[in-house]
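Here are some notes to read alongside the model, written as numbered points. Please keep the structure open while going through them.

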Amino acid sequence: MTGARAVTREPPSRLAEGELTYLRATPVDAATAADQHARYRKALADRGLDVIVLPPLDDHPDCAFVEDVAVCLPECVVICRPGAESRRGEVDSVAEVLVGDRPVHAIGAPATIDGGDVLVIGDTVYVGRSGRTDDRAISALGRILDDYGYAVTGVAVGAALHLKTAVTAVAEDLLVANPDWVDVAAFGARRVVPVAPDEPFGANTLTVGPAVLVQERAPRTSDAVARLVPLDVVPVEIGEFAKVEAGLTCLSIMIPPAGPTASRPETTSIV
Ligand code: CIR
């Protein structure tokens, strides 16, 4: 047991009605989605995470993509203001689970930010400038996280929904990226595994302790990762969620154990 937790939310019956930006609508099989979600949760639980499972919100087709509504660090929680208006009603019921053991901050209107645009690598927080996340929110996040010793830096996102659609960090010194969607020079001198040309969505990976979850639909990218890291590389099938532009990271919020500011959990602010 690592002491870390993860928040997830079961997919709703209206999953197929989720927001689409780059893909066309295709039918989603609800039973398959439920099964894939259960396997995803098991993959997290098998790596020692305590997995919290929230019930679906039937009026919010994208509610399973909890990553987008909050960012949780050891030092604090930041509640997002999602870029898609249809998703703002997802926030409160997730926030309820996250409050209590560390300070809570919120990004206020009119700024917008999706957690899928927030990539934390060590004490640097890279934030995608995307269709969902704007400069006001990046500045606000910078003001919040400066107090906790993090540097926040904006990164341009190309034709991808979120920054983490385009790049994730398998380890602090190893990125997986789709160079068509992000300029990896923004991340300094780190090793980069480029996605295989026919696996554009393979950059969205999720490292959990001694394992990295990778997308089953990106085997060649995953093999390249496996050759470079001493991690257990675990393919996870999330095809039904991919139909509505979701990846592995978006299905959970990682809650690391509370850090040094846990003594003042009553701190709240809207920035
Ligand atoms: C949306 O467009 O908001 C959802 N259909 C997909 C969100 C996926 N979130 C993520 O990758 N962080």
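1. In which loop is Glu245 found? In this model, which is predicted, Glu245 belongs to the loop between α6 (239-242) and β15. The backbone there deserves a look, since the phi angle of Glu245 is near 70°, a positive value in a residue other than glycine.

2. Glu245 also leads to a pocket, as it is listed with Leu161, Thr165, Ala246 and Gly247 as the residues closest to the centre of the second largest pocket, which has 28 lining residues. The space in this second largest pocket comes to about 320 Å³, and its lining consists of 12 nonpolar, 7 polar and 9 charged residues.

3. Where does the ligand sit? The ligand is placed in the second largest pocket, and 14 residues surround the ligand, of which Asp62, Glu67, Asp68, Arg132 and Val244 come nearest. Sorted by class, the shell around the ligand is made up of 7 charged, 5 nonpolar and 2 polar residues.

4. Several polar atoms of the protein can be paired with atoms of the ligand, and it helps to take them one at a time. A nitrogen atom of the ligand lies 2.8 Å from an N or O atom in the side chain of Glu67, while for Glu19 the partner is a polar backbone atom, 2.8 Å from a nitrogen atom of the ligand. On the side of the ligand's oxygen atoms, one of them is 2.8 Å from a polar side-chain atom of Arg132. The ligand would expose 350 Å² if taken alone, and the protein buries 98% of that area.

5. The largest pocket should be described separately, with about 950 Å³ of space and a lining of 35 residues, among which Cys72, Val120, Leu206, Thr207 and Met254 lie nearest the centre. The elements that each give two or more residues to this lining are the strands β3 (70-72), β6 (118-121), β9 (167-171), β12 (206-208) and β15 (253-255). By class, the lining of the largest pocket holds 22 nonpolar, 9 polar and 4 charged residues.

6. A last point concerns the backbone again, this time at a proline. Ala109 and Pro110 are joined by a cis peptide bond, with omega at about 5°, and Pro110 is located in the loop between β5 (104-106) and β6. The strand β6, which follows in that loop's description, has already appeared above among the elements that line the largest pocket.

Notes
Residues are numbered from 1 along each chain as its sequence is written. This is a predicted model: local features need pLDDT of at least 70, side-chain atom pairs count only at pLDDT 80 or more; totals for chains, interfaces and linings use all residues. Side-chain values use heavy atoms; hydrogens and water are left out. On a 1 Å grid over the protein atoms alone, a cavity is a set of points where a 1.4 Å probe fits but cannot get out, and a pocket is an open set with protein on both sides within 12 Å along at least five of seven lines; lining residues have an atom within 4 Å of a point. Grid points are joined across faces, edges and corners, and a volume is the space filled by probe spheres set on the points. Helices (H or I, at least four residues) and strands (E, at least two) are DSSP runs, numbered from the N terminus. Ala, Val, Leu, Ile, Met, Phe, Trp, Tyr, Cys and Pro count as nonpolar, Asp, Glu, Lys and Arg as charged, and the others, Gly among them, as polar. A residue is near a molecule or strand if one of its heavy atoms lies within 4 Å of it. A polar contact is a pair of N or O atoms within 3.5 Å; within protein, one must be able to donate a hydrogen and the other to accept it, and residues adjacent in sequence count only if both atoms are side-chain atoms. Accessible areas come from the Shrake-Rupley method with a 1.4 Å probe; for residues, only the protein chains shown count as cover. A molecule sits in a cavity or pocket if more than half of its atoms lie within 2 Å of its grid points.
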